[in-house]
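Dear colleague,

I am handing over the structure below, together with some notes on what turned up when I went through it. Please read the notes with the coordinates open beside them.

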Amino acid sequence: MKVRFAPSPTGYLHVGNARAALANWLHARRHGGRFLLRLDDTDAERSKPEFARAIEEDLRWLGLDWDEFLRQSDRTALYAAAAEKLKAQGRLYPCLESEEELEFKREQRRRQGKPPVYDRAALKMTAEQLAKAEANGKTPYWRFKLSGGEATWRDEVLGERRVKLPSLSDPVLVRADGTFLYTFTSVVDDLETGITDIIRGEDHVTNTGIQLDIMGALGMGRPIRFAHLPLLTDAEGGPLSKRLASVSLRQFRRDGIEPAAIAGYLAALGSRRDPEPAMPAEMVQGWSLDGLSKSAARFDAKQMLALNRKYLHALPYAAVRGRLPEGAGEAFWLAVRGNLDTVGEAQDWLDVAEGNILPPVQEEEADFLRAALDTLPPEPWNGDTWPHWTAELAQRTGRKGRALYWPLRRALTGEEHGPDLKALLPLIGRDRAVRRLTHSMG
């Protein structure tokens, strides 16, 4: 088995890309296969080196590696040879119509109630006519002549699929400037590199029908298995825009989402499995294309954030130590991790534990806070300090529940919610507690 993930370096990876990359990687690792990372960078105008670097960085961050790597921009001689083979068969033919002429033809066919497909007028052009046009400065582009009938395959996710080729325009494979289009280069690479399984988005179904026809013309050996993943929608069921920075892998990284949360969430989308945070290597044994829904899956960033919280709340200090702010020790991490959405929020609680915050003034609670100050126990403090102190304070003031705890939390942390003060209070220390209680009295 050999699979490939083939992004175009024209932007950052979005979650749809990441889902396809993850599915390919898990499929290969589950079945002892090989994973090829191929950069489809034949669009020289839009492909950028910085995006290529970002793709590799983001995939590694997600926990994915690859056994082979190639760039299509290094393989133009291979595509040129394949194009010559198709020309010799009469399957790749030159065309000269401008985009304006083609649009006029399409509009004419629409008015006649016909599908707006290319009419193959260029096939009637003689060699002499082509030579004369070229002598006058025109350069042809090249279309692939689709065969009749249907392209059929059994999709590993969608089931039996068929594409009616006569209902499609012959695709352009070579531009007038001699550059090759994705539809063609992808086929050549898939055949030349021995790809056995192609897992990609459902938006490629029609492409698959066309590419199967091209593969046949190029002499495909053993058949390639296809699996098309239903597209992702947003939380409301609308289309998930690939161009929104908010769904790029890089933006989620910047926002502090853990790779295990993204990987675990994407791996479960479209299946009956409950998402669990996990790195790809931890999910290999349980992975299967079987059971994936044929319907679109909803990508809900809020659900992924909830998974991120779940992951952080159980993350040991050793796993996160290098990403915590200076001065954040294990006791601090264990105290605050249950209240974090992202690791970046730890800085706010470190300010609470060790900084010089000014809590809000609670003049209406001055008498109660004075009693709290009077009963504040001496150090050293530990996990028993908070329950012993509040028990004595409750006995002295008659307060309980919210009336007892809420003013103290606001005075000590400046917040109305947060980590258990049983663990946080010893980190704050007596001197800070005295200053904050005093300030809160007004």
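The notes below begin with the chain as a whole and then turn to a few local features.

Please keep in mind throughout that this is a predicted model, and that what follows was computed from it.

The chain contains 18 helices and 12 strands. Its overall form departs from that of a compact globule, for which 442 residues would give a radius of gyration near 22 Å, whereas the chain has 31 Å. Along the principal axes, the C-alpha atoms occupy a box of roughly 105 × 45 × 40 Å. Of the contacts with a separation of 6 or more, 74% are made by residues 24 or more positions apart, and buried residues account for 47% of the 442 residues.

As for the surface, the accessible area of the chain is about 21,700 Å², and carbon and sulfur atoms contribute 48% of that. The charged side chains comprise 63 positive and 63 negative ones, with the centres of the two sets lying 5 Å apart.

At the start of the chain, strand β1 (residues 2-5) runs parallel to β2, and four bridges join the two; within this pairing, K2 stands opposite R34 of β2. Strand β2 itself, which spans residues 34-39, is mostly covered, with five of its six residues buried.

The helix that I would look at next is α9, residues 259-268, which is largely enclosed by the rest of the structure because 10 of its 10 residues are buried. Among them are P259, G264 and Y265, as well as I262 and L266. What, then, covers the buried residues of α9? The cover includes the helices α1 (15-30), α2 (49-62) and α8 (249-254), and it also includes α10 (280-283), strand β12 (297-298) and α11 (301-313). Following α9 comes G270, which has a positive phi, near 80 degrees.

Two of the elements that cover α9, namely α10 and β12, also bracket the loop in which D290 is found. Is D290 buried or exposed? D290 has a relative accessible area of 62%, and residues over 50% count as exposed, so D290 is classed as exposed. If you would like a distance to check against your own copy, the C-alpha atoms of D290 and L191 are separated by 26 Å, the two residues being 99 apart along the chain.

With best regards

Terms used
Residues numbered from 1 in each chain as written. Predicted model: local features only at pLDDT ≥ 70, side-chain atom pairs only at ≥ 80, totals over all residues. Heavy atoms only, no water. Rg over C-alpha atoms; globule rule 2.2 N^0.38 Å. Buried < 20%, exposed > 50% of the residue type's maximum accessible area, 1.4 Å probe, protein only. Contact = heavy atoms within 4.5 Å. Areas by Shrake-Rupley, 256 points an atom, 1.4 Å probe, with all protein chains shown as cover. Lys, Arg positive; Asp, Glu negative; His and termini not counted. Charge placed at Lys NZ, Arg CZ, Asp CG, Glu CD. Pairing = 2+ DSSP bridges.
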